[in-house]
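Please open the structure in your viewer and keep the sequence panel alongside it. The stops below are meant to be selected one after another.

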Amino acid sequence: MPELVFFSGTMDCGKSTLALQIEHNRSARGLQGMIYSRNDRAGRGKLSSRLGLVTEAVEAGQDLDFYAHVVGHLSSGGRVDYVIADEAQFLTAEQVDQLARVVDDLALDVFAFGITTDFRSKLFPGSQRLVELADRIEVLQVEALCWCGARATHNARTVDGRMVVEGAQVVVGDVVGDAAGDGAERPQAEVGYEVLCRRHHRRRQTSATARAAALSPDVLPVDAAGPHS
Ligand SMILES: [Zn+2]
C-alpha cells in the first residue's frame, strides 16, 4: 500500500540527509523520484544536506499544485515512482492535501520531511496538516543536542544571540527592522537559529546568553553579602 510518511524533527536532526539517502537507495534500484524542496539552504531548485550532499529538486512555491504537477509530468510521458517533499513545514495545508491525493489517486509513496514546530514551539502549518493526514509519522532519532548536552527538542530563533519569541514564522538570514519585536528598528540584526532542550527553550537560554551569564560578574554580585565595615 502506498503511504504518506511524515519524517519530522528539529532542525539539525538529519532530515535532508535522510531524504537524500532515500532518493539514493531508490534510484540505485532504477526507480525515479519527483523531488521537491522549498527555501533550501543551497538555493532554489535544490535539496541539500548539512553534510554537503545536494541534488536537483523542483522548487515548491506557494502556488505549486503537487497533484497537478505530478499528473502533468506523467501525462507528458514522464515517469514517477515516488515523491519526496523536503522542507514540508513551509507547505500550505492545501498542498499537503494534494500530497495525500498523490498517494490515494496515483498510488505513489510520498515522503515528506519537515521541522515539526517553529521558534515559538507552535506547529508549522504544513507540519500540522501532515500530522493530521499522514499514514505514518517517523520522529527522527539522529539526536541534535542543546548546548547543555541534553537532547534538543525545540527550535529557537535568535536575534543578535538572544532568543526571541515574536515575529514572522519564516525569516531567513539578516533582516532590517523590528526583528526582536520590541518596537525598535534595528538596521542589520543577525537572525539565527539554534536547537535547545525544552528547559532552555522555556528559559530562553541560548548558548550565547549562557556563555555571557557564565562570564558575567552579575551571577555573583560582589556586594551580595552586603557592605563590610
Ligand atoms: Zn539545554
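Begin with the whole chain coloured by accessibility: buried residues make up 41% of its 229 residues, where buried means under 20% relative accessible area, exposed over 50% and partly exposed in between, computed with a 1.4 Å probe on protein chains only. This is a predicted model, in which local features need pLDDT of at least 70 and side-chain atom pairs count only at pLDDT 80 or more, while totals for chains, interfaces and linings use all residues. Residues are numbered from 1 along each chain as its sequence is written, and side-chain values use heavy atoms, with hydrogens and water left out.

Switch to a cartoon next, which shows 6 helices and 13 strands; these are DSSP runs numbered from the N terminus, with helices being H or I over at least four residues and strands being E over at least two. Of the contacts in the chain with a separation of 6 or more, 71% are between residues 24 or more positions apart, a contact being heavy atoms within 4.5 Å.

**Helix α1**

Select residues 15–28, the 14 residues of helix α1, whose first and last C-alpha atoms are 20 Å apart, close to the 20 Å expected at 1.5 Å a residue; the expected span is 1.5 Å times one less than the number of residues. Within α1, highlight K15, S16, A19, L20, I22, E23 and R26, which are its buried residues. Looking down the axis of α1, you will find these buried residues within an arc of 155°, so they line one face of the helix; the arc is that of the directions from the helix axis to the C-beta atoms. Showing their surroundings brings up β1 (4–9), β2 (33–37), β3 (46–48), β4 (54–56), β6 (82–85) and β7 (109–115), against which the buried residues of α1 pack. Rotate to the face of α1 turned away from its buried side, and the exposed residues H24 and A28 appear there. Just after α1, stop at G30, which takes a positive phi of about 85°.

**Two loops with positive phi**

Move on to A107, in the loop between α3 (93–106) and β7, where phi is positive at about 55° although A107 is not a glycine. A107 counts as exposed, at 53% relative accessibility. Then select R204, in the loop between α5 (198–202) and α6 (207–215), which is not a glycine either and has a positive phi of about 55°. With a relative accessible area of 45%, R204 is partly exposed.

**The zinc site**

Which protein atoms are the donors of the zinc ion? Select C146 (SG), C148 (SG), C197 (SG) and H200 (ND1), which lie 2.0 to 2.4 Å from the zinc ion; donors are N, O and S atoms within 2.8 Å of the metal (3.2 Å for Na, K and Ca), and water is not among the atoms, so sites may look incomplete. The 4 donor atoms subtend angles of 98 to 117° around the zinc ion, which makes the arrangement tetrahedral, a term used for four donors if all angles lie between 85 and 135 degrees. Along the chain, the spacing of the donors reads C-x1-C-x48-C-x2-H. Colouring these residues by accessibility shows C146 buried at 4%, C197 buried at 6% and H200 buried at 7%. A search of the whole structure for disulfides finds 0, a disulfide being a pair of cysteine sulfur atoms within 2.5 Å.

**Last stop**

Finish at D160, in the loop between β9 (154–159) and β10 (162–164), which is partly exposed with a relative accessible area of 49%. Add A189 to the selection: D160 and A189 are 29 residues apart in sequence, and their C-alpha atoms are 6.1 Å apart in space.

Methods: Four donors count as tetrahedral if all angles lie between 85 and 135 degrees; four count as square planar and six as octahedral if opposite donors are over 155 degrees apart and all others between 65 and 115; anything else is irregular.
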